[in-house]
Amino acid sequence: MNVEARIEKSKNCKDKGYTCCQTVIMGVADLLEIKDTDIFKCAEGFGGGVGGLGEVCGVVSAMTMVAGLINGSGDLENNTSKMDTIELVEKLALEFKEKHGSLLCRDIRNEDAGSTHEECDKCIQDGIATLIEKFFPEKM
């Protein structure tokens, strides 16, 4: 499945009422070594900027989750991958912020200005494309 097909899949997820985090996660779920239902449940609370508080955008949360799943060692006794993963997430987050002006859901959605959430759609598309480019370039 190419990036465009994954973005289309994400649109269908959003139409079903998935959070932005779930929408992005489900766009790449088949590439992760985890059950779709498990990652879907993990992503649920990140809607609306973590629990609806307008904080970190769900797309950034999804990219963070994927970065941990891909880059993390999984070694419960010797977590040697922690700093590498944190640096990776920092890079992804700063690139996202550069493109979208903020990491905060409330700023991106700009609801005070009557946003139609078009910017959310752009963030979702960008998040999926970024994940594919960074972690699964052979799927481009």
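This is a short talk on how three helices pack together and on the cysteines in this structure.

Okay, hi everyone. One thing up front: what you see here is a predicted model.

Let's start with some general background. When two helices pack, we describe the pair by the angle between their axes and the distance between those axes.

So, first pair: H1 and H2. Helix H1 covers residues 3-15, and its axis comes within 8 Å of the axis of H2, with a crossing of roughly 140°. How are H1 and H2 oriented to each other? They're oblique, because only angles over 145 degrees count as roughly antiparallel. The crossing is right-handed as H1 passes H2. Who's touching whom? On the H1 side you've got Arg6, Lys9, Ser10, Cys13 and Lys14, and on the H2 side Thr23, Met26, Gly27 and Val28. By class, that contact is an even mix: three nonpolar, three polar and three charged residues.

Let's zoom in on Ser10 for a second, which sits in H1. Is Ser10 buried or exposed? Its relative accessible area is 2%, so Ser10 is buried. If we skip its neighbours within four places in sequence, Ser10 is in contact with Thr23, Ile124 and Ile128.

Now the second pair, H2 and H3. H2 is residues 20-28 and H3 is residues 36-43; their axes come within 8 Å and cross at roughly 155°. That's over the 145 cut-off, so H2 and H3 count as roughly antiparallel. H2 passes H3 in a right-handed crossing too. From H2, the contact uses Cys21, Gln22, Ile25 and Met26, while H3 brings Asp36, Ile39, Phe40 and Ala43. Sort those residues by class and you get six nonpolar, one polar and one charged.

Last topic: cysteines. Quick reminder, a disulfide is a covalent bond between the sulfur atoms of two cysteines. How many disulfides does a search of the whole structure find? Zero. Take Cys13: the closest cysteine sulfur to its own is in Cys20, 12 Å off, and that's too far for a bond. Cys13 is also buried, with a relative accessible area of 6%. Then there's Cys105, whose nearest cysteine sulfur belongs to Cys120, 5.9 Å away, and Cys105 is in no disulfide either. Cys105 counts as buried as well, at 9% relative accessibility.

That's it from me, thanks for listening!

Technical notes:
Residues numbered from 1 in each chain as written. Predicted model: local features only at pLDDT ≥ 70, side-chain atom pairs only at ≥ 80, totals over all residues. Heavy atoms only, no water. Axes fitted to C-alpha atoms, helices over the stretch in contact; angles between N-to-C directions. Helix = DSSP H or I, 4+ residues; strand = E, 2+ residues; numbered from the N terminus. Parallel < 35°, antiparallel > 145°, perpendicular 65-115°, else oblique. Left-handed = near helix turned anticlockwise from the far one by under 90°. Contact = heavy atoms within 4.5 Å. Nonpolar A, V, L, I, M, F, W, Y, C, P; charged D, E, K, R; others polar. Buried < 20%, exposed > 50% of the residue type's maximum accessible area, 1.4 Å probe, protein only. Disulfide = S-S within 2.5 Å.
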